[in-house]
Structures are given as C-alpha cells and as structure tokens.
Amino acid sequence: MRIERVEQFLIDMPLRQPFETSFGREESIHRVIVAVHSGGAVGYGESPVELLPLYSPETAETCWHVQRDALIPLLLRAELEHPTEVPAVFRPVRGHPMAKAGLEAAVWDLTARQAGVPVSRLLGGVRERVESGVSIGIQPSVEGLLEHIDAYRAEGYRRIKVKIRPGWDYDVLAAIRKRFPDIPLMADANSAYTPTDAPLLRQFDVFELLMLEQPLAHDDLLDHAALQRGMSTPLCLDESITTPGRAREALELGSCRIINIKPARVGGLTAARAVHDLCQAHDVPVWCGGMLETGIGRAHNLAAASLPNFTLPGDISASDRYWHQDIVEPPFVLNSDGTMDVPQGPGIGVEVRRDRLEAVTVRRAVYPRGG
Ligand code: OSB
Ligand code: MG
C-alpha cells in the first residue's frame with residue numbers, strides 16, 4: 001500500500017466542562033487530527049497533544065511541525081504491507097510519540113477499512129465490550145466532587161478516578177471513602193509529589209485504593225520503585241512509560257504493579273500492544289488511559305482495550321462526558337452495565353463527520369505524495 005495524500009487538521013474543540021488536574025485547567029482541547037488517503041479510502045488518527053507541554057513534552061505545535069517536516073515525508077515515501085511496519089518507517093525520528101501515534105493510527109484505520117475488518121480484530125483484540133471508568137478533575141468543592149461521583153455511579157461507570165494534588169488529597173479521599181466506602185476508587189497525581197511526600201502518600205493505604213497513579217516525577221522509575229516497596233496500594237505508571245523499553249525497565253525495577261497504557265503516549269497501537277505483551281508476561285495488569293480524545297482517538301483506544309490483558313476498567317468514557325457533539329457518528333455511549341462496545345464495523349467502526357471536523361478546525365494542510 002502507498003499513502004497518496006495526508007491531511008492535517010489542528011482543532012480547537014470546547015469541553016462541556018473544564019478539566020482540572022495537578023498541572024492545569026483546560027476549557028477546550030487543541031490537537032492534531034490526521035487523515036491518510038490511498039486507493040479512494042481514508043483512515044483517521046488523533047494525536048492527543050495539548051497547547052502547552054504540561055502533561056507530555058509534546059505540544060500541538062511540536063506535533064504539527066514534526067509531522068509536517070519529518071514524519072509525513074517518510075510516510076509518503078514508504079511502501080507498506082501492514083500498519084505494524086509504520087514504527088520502522090518513523091525510526092529515524094527520535095521521540096515525539098504522540099505525533100507518530102496519530103499517523104500510525106490513521107494507517108491502522110485505513111488498512112482495516114480496506115480489509116473490511118475492525119481495527120480491534122486487525123490488532124488481535126478479543127473483547128467486544130470493555131469496562132468503562134471515569135476520570136474526574138479537581139473540583140471547586142468536596143461536596144461538588146461527591147455529587148459528580150454519585151451521578152457517574154448512577155450512569156453505570158464501574159470505577160471512579162479522582163485527580164489529586166498537594167492540598168486536595170488525603171481529606172478529599174477520606175470524604176469520598178466516608179460517603180462511598182466500597183466503590184472501586186483510584187487517584188491520579190500527575191507527578192505532583194516528590195519523594196519527601198512519601199509519609200503522606202503511604203497514609204493513602206487506609207483508603208484501599210485500586211491504585212495510585214503517577215505520584216512522582218513524570219520521567220522517574222527509581223523513586224517510584226522505592227515508594228512501591230513501602231506501600232500496600234499498587235502504584236500505576238502513566239507519564240513515565242513512554243516506550244516499550246521504559247515499560248521493561250519499570251517491570252524489572254518494580255516501579256509499579258499496574259500500567260496505564262495510552263497508545264498515543266507510547267508511540268502508537270503497535271507499541272501499545274508491545275507494552276501489553278510485556279506486562280502480560282510479567283503478570284502485570286493494564287488498562288487503557290485517555291487524553292480527553294475525540295471519537296477518533298477514543299475508537300483507537302477501544303481497539304487497544306480489546307486486547308486480553310486489559311483487565312481493569314479504563315478511562316474510556318462516553319462522548320457526552322466530554323463533548324456537546326462528537327465529531328464521529330454514532331457517538332460513544334455507555335451501556336447500562338458500565339461497559340462500552342468495541343465497534344465491529346470496518347476500520348475504527350464509526351464515521352468521521354467531515355462537517356463537524358471542519359467546524360472545529362483552526363488550521364488545515366494537505367501533503368500529496370511526490371509533492
Ligand atoms: O493523567 O490520565 C491522565 C487527561 C489529560 C491528560 C492526562 C490525563 C487525563 C485524564 C482524563 O485522566 C482521561 C480521560 O477521560 O480521557
Ligand atoms: Mg494519568
């Protein structure tokens with residue numbers, strides 16, 4: 001297969017509710033959507049980058065630049081048999097996993113559409129439904145947070161994740177446990193603590209959390225290993241796992257007992273599957289994280305989450321938890337049992353509404369083969 005044309009869209013899409021984490025507050029998402037064309041078919045992918053390098057070192061502008069000047073020229077010269085060959089095409093370019101992941105995702109969608117199979121099947125997925133959890137940002141008040149938890153529980157979400165940071169942590173978790181003693185609960189610090197906070201973090205053990213996600217530095221493995229040795233709560237790494245190699249190091253060091261796999265953070269679905277396989281060999285469960293994706297990235301995340309070792313509920317929530325109107329149709333909905341269907345149609349199994357995509361596009365570029 002030859003990619004004949006690549007389109008890039010920088011979008012700015014308002015969130016229904018602002019999302020606040022230890023690193024900042026977002027009211028709308030800025031990210032790069034790509035479309036790859038071949039033989040009259042089109043595949044879509046999403047790079048869930050942000051405006052500023054606060055979660056990941058990548059940004060919307062670095063993604064745009066690296067795709068335009070480095071990755072798209074490589075893709076437009078390649079001859080591909082299968083999407084798993086894309087990482088080798090991109091190998092000369094160091095880093096920039098999200099920029100790579102968006103393009104690779106589009107090739108997965110295109111290839112699966114041409115073969116008439118879902119991306120999930122092409123990847124080796126085994127599940128037609130995955131368990132959904134929800135990630136709740138930092139709220140103006142504890143009472144407000146408890147109300148959100150109540151509402152999401154009523155909708156059916158199977159696990160609640162709350163964002164924490166210094167000053168919004170122990171007392172908040174204690175209030176949640178008082179109101180909801182038994183719910184599957186976890187906390188995500190997005191690297192807001194340092195090793196000197198270990199005595200406080202160890203106190204979280206009383207809350208019997210499913211896990212504590214990325215308490216320490218975004219690129220650390222050693223301090224997490226030391227913290228894990230002193231805590232009964234399983235640690236889960238998100239930011240620190242940027243490649244399958246980093247996952248191998250974390251598993252060898254004992255830096256965590258669970259890994260949050262975001263396909264975009266590790267460079268794409270091929271790398272996500274490699275991290276999944278490594279964790280499975282180490283008996284370490286994984287779950288699929290999210291980056292407030294549009295329906296395009298959400299569909300690719302669902303395909304990843306259909307792999308067998310994704311045994312914990314993921315941050316793959318319904319479209320209406322994020323958007324007034326998603327850019328795909330049908331939107332993603334939560335089943336009453338708290339699961340979400342993995343689309344079974346060709347490719348990502350949902351249709352991209354070009355009119356809606358264009359309505360949120362703030363910059364567009366087209367790159368023809370040989371152009
Ligand atoms: O740390 O998992 C994270 C959103 C943006 C950046 C980082 C994270 C998140 C979330 C939201 O937790 C997950 C989602 O609902 O997509
Ligand atoms: Mg996280």
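This is a dialogue between a visitor and a guide about reading features of a predicted model.

Visitor: Let us begin with the metal. Which residues coordinate the magnesium ion (ligand 2)?

Guide: Good place to start! To read a metal site, look for the atoms that hold the ion. Here the magnesium ion (ligand 2) is coordinated by Asp188 and Asp238 through OD atoms and by Glu213 through OE, at 2.1 to 2.3 Å. Written along the sequence, the spacing of these donor residues is D-x24-E-x24-D. Glu213 sits in strand β8 (residues 212–213), while Asp238 sits in the loop between β9 (235–237) and α9 (244–253); the pair is 25 residues apart and links distant parts of the chain.

Visitor: Are Glu213 and Asp238 buried or exposed?

Guide: Both Glu213 and Asp238 are buried. For burial, the cut-off to keep in mind is a relative accessible area under 20%. Asp238 has a relative accessibility of 0%, so Asp238 counts as buried.

Visitor: Which residues is Asp238 in contact with, leaving aside its neighbours within four places in sequence?

Guide: Contacts show what surrounds a residue in space. With those sequence neighbours left aside, Asp238 touches Tyr55, Asp188, Glu213, Gln214, Asn260, Lys262 and Arg265. Here is a distance to try in the viewer too: the C-alpha atoms of Asp238 and Ala305 are separated by 15 Å, and these residues are 67 residues apart along the chain.

Visitor: Now for charged pairs. How many salt bridges does a search of the whole structure find?

Guide: The search finds 27 salt bridges. To read one, ask which two side chains meet, and then where each of them lies. Take Arg165 and Glu20, whose closest N and O atoms are 3.2 Å apart. Arg165 is in the loop between β6 (160–163) and α6 (170–179) and Glu20 is in strand β1 (residues 5–21), so this pair ties together parts that are 145 residues apart in sequence. Arg165 is partly exposed, with a relative accessible area of 27%, whereas Glu20, at 18% relative accessibility, counts as buried.

Visitor: Where do Glu131 and Arg158 lie?

Guide: First, their side chains meet in a salt bridge of 2.7 Å, N to O. Glu131 belongs to strand β4 (residues 129–131) and Arg158 to the loop between α5 (142–155) and β6, so the pair ties together parts that are 27 residues apart in sequence. Glu131 is partly exposed at 31% relative accessibility, and Arg158 is partly exposed with a relative accessible area of 30%. Some salt bridges also share partners: Arg159, Lys161, Lys163, Asp188, Glu213 and Asp315 are joined that way into one network.

Visitor: And what about charges without a partner? What is the nearest side chain of opposite charge to Asp220?

Guide: That is Arg246, 7.1 Å away; Asp220 is buried yet has no salt bridge. A salt bridge needs a nitrogen and a carboxyl oxygen within 4 Å, so it helps to compare any distance with that cut-off. You will find Asp220 in the loop between β8 and α8 (222–229). Beyond its neighbours within four places in sequence, Asp220 is in contact with Ser240 and Arg246.

Visitor: Can we turn to cover and surface? How many residues of helix α11 are buried?

Guide: For a helix, check each residue in turn. Helix α11 (residues 295–305) is mostly covered, with eleven of its eleven residues buried. Among them are Arg298, His300 and Asn301.

Visitor: Which residues form a nonpolar patch on the surface?

Guide: Leu51, Leu52 and Leu54 form that patch, and together they have about 300 Å² of accessible area. Leu54 lies in the loop between β3 (41–47) and α1 (60–77). Leu54 is partly exposed, with a relative accessible area of 47%.

Visitor: Last of all, the backbone. Which residues does a cis peptide bond join?

Guide: Glu329 and Pro330, with omega at about -5°. Pro330 is in the loop between β12 (328–329) and β13 (339–341). The phi angle is worth reading as well. Ser191, a residue other than glycine, has a positive phi near 65°, and Ser191 is found in the loop between β7 (185–188) and α7 (198–203). Leu292 has a positive phi near 55°. Leu292 lies in the loop between β11 (286–288) and α11, and is buried, with a relative accessible area of 10%.

Terms used. Residues numbered from 1 in each chain as written. Chains lettered and ligands numbered in written order. Predicted model: local features only at pLDDT ≥ 70, side-chain atom pairs only at ≥ 80, totals over all residues. Heavy atoms only, no water. Patch = residues over 30% accessible without salt bridge, like charges linked within 9 Å, V, L, I, M, F, W, Y side chains within 5 Å. Areas by Shrake-Rupley, 256 points an atom, 1.4 Å probe, with all protein chains shown as cover. Helix = DSSP H or I, 4+ residues; strand = E, 2+ residues; numbered from the N terminus. Buried < 20%, exposed > 50% of the residue type's maximum accessible area, 1.4 Å probe, protein only. Donors = N, O, S within 2.8 Å, 3.2 Å for Na, K, Ca; no water. Lys, Arg positive; Asp, Glu negative; His and termini not counted. Contact = heavy atoms within 4.5 Å.
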